[in-house]
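Biologist: Thanks for sitting down with me over this one. Could you bring up the model so that we can go through it together?

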Amino acid sequence: MFFSIILPIYNVEKYLKECVDSIQAQTFKDFEIILVDDGSKDSSPAICDELAEKDGRIKVIHKPNGGQSTARNMGLEKAEGKYVIYLDSDDFITSDSFFQDIYDKIQETDS
């Protein structure tokens, strides 16, 4: 696996599906998505579980609220990719070649 995409999740039910959809729409497909539910009080935990049921590349971690840093660190502990990308769960990627562009640059520069 090349990329591990880590999303800390806290009360983002309004944005979560759009964020994950933008990741799944990427032309580069060698990635996993790690959704770290940081003790959300809305329907975000259920949305995370629903998304994981539909896509085997999605892992879900549910944990008590501890803040974005602890969520990112917990995701990093479970990451299996060679490279890690952190996204905020209320953002989305507008280009479907974003991961491909990063991959190409890594190959080009031997990073």
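Biologist: How many of the seven residues of strand E1 are buried?

Modeller: Happy to help, and keep in mind that this is a predicted model. Strand E1 covers residues 3-9, and it is largely enclosed by the rest of the structure. That follows because the residues of E1 that are buried number seven of the seven.

Biologist: Which residues of E1 point the other way from Phe 3, Ile 5, Leu 7 and Ile 9?

Modeller: In a regular strand, side chains alternate between the two faces of the sheet. Here Phe 3, Ile 5, Leu 7 and Ile 9 point one way, and the residues on both sides are all buried. Those pointing the other way are Ser 4, Ile 6 and Pro 8.

Biologist: Nice. What is the bridge partner of Leu 7 in E2?

Modeller: E1 pairs with strand E2, residues 31-38, in the parallel sense over seven bridges. Between the two strands the chain passes through helix H1, residues 16-24, in a right-handed β-α-β crossover. Within E2, the bridge partner of Leu 7 is Leu 35.

Biologist: And in E4, which residue is the bridge partner of Ser 4?

Modeller: Strand E4 spans residues 83-86 and pairs with E1 in the parallel sense, over four bridges. The partner of Ser 4 there is Val 84.

Biologist: Is Asp 38 buried or exposed?

Modeller: Asp 38 is found in strand E2, and its contacts include Ile 9, Tyr 10 and Thr 70. Its side chain also reaches the backbone nitrogen of Gly 66 at 2.9 Å. With a relative accessible area of 3%, Asp 38 is buried.

Conventions:
Residues numbered from 1 in each chain as written. Predicted model: local features only at pLDDT ≥ 70, side-chain atom pairs only at ≥ 80, totals over all residues. Heavy atoms only, no water. Buried < 20%, exposed > 50% of the residue type's maximum accessible area, 1.4 Å probe, protein only. Pairing = 2+ DSSP bridges. Right-handed = clockwise from strand over helix to strand, strands pointing away. Polar contact = N/O pair within 3.5 Å; in protein donor to acceptor, adjacent residues only side chain to side chain. Contact = heavy atoms within 4.5 Å. Lists of a residue's contacts leave out its neighbours within four places in sequence.
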